[in-house]
Amino acid sequence: MPNRMSEQELSKLINMLELTLNDNGEEFVAGEAFLDDGYPDNDLGGRLLVRAGKIFVQDPLPGGSPAVISAVRPVVLLVNGRAVTEPTPVTSQDVIDWELSEAPLYAITVSEDRLMAFFTLYSPKSFLWTLNDKYSTNMLEVDASIDVETVTGQLGLKQIVADFEQRGIIQNLNISGIHGELQNPTYQPIPAAVGRAAVPGENAHLDLFFSETIENEFNEIEGHVDYRSHLHIPSATRGEVIARKTPIVEGIPGYDVYGEILYPPSPNDIIVLARNNTVLLVNNEVRALREGRPRVTGDKIKSFDICTSYIVPGNVDIQLGNIVFSGDVVIRGNVEDNMIVESLGNVYVAGGIYNSTITATGSILVKGNVVNSNLYSGYFGVMYNRIYNCSKLLINEGRILQKAVRMLTQAVESRRQSVKYGQAVLLLLESKFQKFPQLIKELLSVLTTVKSSYHQDLEQTLHFLNMFLKPVQLVDFLTDDLMSGVIGMLEELHSGVARMQESKVEVNIGKCQSSTIKSNGDILIHRDGIIQSELLSSGNISFLKSFSVCRGSKLEAGGSISACYVGGESGAQSYLKAKQSIAVRKMYLGRITIDRVTADITEPVENTVFDSDSIRSFKPGYGNGA
């Protein structure tokens, strides 16, 4: 027999009864709905039901569990004033409300650049929603239905315009377009407000009317080098326009749909300076004031000058001495053993270079062989320039000396005594700064061989440097201001070398053996190749002849390497490293590196191009192919 409900349980159930109206307008007892749901009398769990838009809760009997309620969009349940999104147990003590989270009638969107605002109509009317009746159950899912016959609201233009204004979108509001969409809906986004994009300015640019590279630098006629053509070096005549700067064009501000001003980015300007033998006119033209090789140096500041040439008709040897020149150096013979050629320009050698050092802030072009020598071009030509390095060391030492003199004079004055500035310098040179005179001697040994002045104050700089080698002369007239002036001269000497670095440089050689070559441009080998040498290029390294060889050498390029025969059947292995790619016609033995990925070549490979992708999958014995 079924268990009988106790009086206590019956009393509790009676208290839950509530009179309401059914769909026909007749009264019914909600509690009876719970009793007549067809569930067995021994179900102890709580119950839920929905009637006439209301949710009713019956508590569980002793030992039973509370009923669980959830909702289906757009119905949002509020239990005790808090929205719930998961199935939630409830009792008669909980306050259960509901609301609708229906889609809006329209949407206002703004493009990422804030230059366009769009109006999208979803529905011009809102309709009535009602909860669907649900029978008693211990797990109730509340849902609702829309009544398209009952309109609860009509979307109007005034409401939409007010929404735009509240968002701050007031610039060029397309009221007629919004009104047209309300009258004849397309339900597609329409432009509602349009801003105006800022018009960017134009960067300044520089037009060069001369070549920065040397083409066919050594032209042979019947087996002889034609020097009369000046080695095909680009040149300008007096009065010729060598460059023209086009000034910047400022941009035009715009505005977004919120009315805020959109400022265009500032265009990039170019600073142009006319230096030796050039002039900058008011129309931004740079003209040559004499005949010579036009060149442009510098990065952010472009400096123009006309480079003169120092021509050596024969060999550079011990009788001629080392060469330091502030322009191009043209050598029609060889550079013999243990010589130094330093140029603030290009160096052209018709013969070979043997056991010597060549530095150039521009390019280096060698017709013959390079044997047991060092060649530094462009940036490296500056870094390895003796004037650049000696003056830098002397500047640093001079600043320390000046600071030491000031400390010494202050210490003397603190004792209510005095000392001459020159005497303090003399004492420090004899005790703590014995290196200072030695650095001066090294710099003077270079400056005295200069074939052309680096700057107008070179003679004055030489005069003051020589004074420091005769310290007794310093005692009576040397002051702190004069010391600062000497350091300033050295700084101008130092920066003058740095300013001469040319941007488009190259090293072009025929054959290289047991040598080091560094260039911040390309390195070209136009003849036999290289043996047991080290090549470093910020650009590309290219072997131009199909028979060129590379044996026992190290090559590193910031761009690509294009080689022909690398190594040999019995030759030492070579190491090739490039940022982009390495192409070889045939490589016998060695190691290649692309960026940071390395592969060892243990078996010959032919007609292979290695890049960042192919090197990862390379396997010895499988690398052959076109």
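These legends accompany several close-up views of a predicted model.

**View 1. Glu181, a buried acidic residue in helix H4****.** Let us begin with helix H4, which covers residues 175-183 and holds Glu181. Glu181 is buried, yet it has no salt bridge. How far away is the nearest side chain of opposite charge? That side chain belongs to Lys125, and it is 15 Å away. A salt bridge would need a distance within 4 Å, so Lys125 cannot form one with Glu181. What the side chain of Glu181 does reach is the backbone nitrogen of Tyr187, at 2.8 Å. Setting aside neighbours within four places in sequence, the residues in contact with Glu181 are Phe119, Leu121, Thr186, Tyr187, Gln188 and Ile190.

**View 2. Tyr187, in the loop that follows H4****.** Here we meet the partner of Glu181 again: Tyr187 sits in the loop between H4 and strand S16 (190-194). Its phi is near 60°, a positive value in a residue other than glycine. Is Tyr187 buried, exposed or partly exposed? With a relative accessible area of 40%, Tyr187 is partly exposed. The backbone nitrogen of Tyr187 is the atom reached by the Glu181 side chain.

**View 3. Asp595, another residue with positive phi****.** Asp595 is not a glycine, but its phi is positive, at about 60°. You will find Asp595 in the loop between strand S48 (590-594) and strand S49 (597-601). Its relative accessibility of 38% makes Asp595 partly exposed.

**View 4. A cis peptide bond before Pro74****.** Which form does the peptide bond from Arg73 to Pro74 take? This bond is cis, and its omega is near 10°. Pro74 belongs to the loop between strand S5 (67-71) and strand S6 (75-79).

**View 5. An open sheet of 4 strands****.** Reading across this sheet, the order is S17-S20-S25-S24, and the pairing is antiparallel. Which strands form the edges? They are strand S17 (205-208) and strand S24 (278-280), each of which pairs on one side only. On average, neighbouring strands of the sheet are turned by 15° against each other, with direction ignored. Strands of a sheet are joined through backbone hydrogen bonds, in a parallel or an antiparallel manner.

**View 6. Where S17 meets S20****.** Now look at one pairing within that sheet. S17 pairs with strand S20 (residues 241-246) in the antiparallel sense, over 4 bridges. To follow the pairing residue by residue, start at Leu206: its bridge partner in S20 is Lys245.

Note on methods. Residues numbered from 1 in each chain as written. Predicted model: local features only at pLDDT ≥ 70, side-chain atom pairs only at ≥ 80, totals over all residues. Heavy atoms only, no water. Helix = DSSP H or I, 4+ residues; strand = E, 2+ residues; numbered from the N terminus. Buried < 20%, exposed > 50% of the residue type's maximum accessible area, 1.4 Å probe, protein only. Lys, Arg positive; Asp, Glu negative; His and termini not counted. Polar contact = N/O pair within 3.5 Å; in protein donor to acceptor, adjacent residues only side chain to side chain. Contact = heavy atoms within 4.5 Å. Pairing = 2+ DSSP bridges. Axes fitted to C-alpha atoms, helices over the stretch in contact; angles between N-to-C directions.
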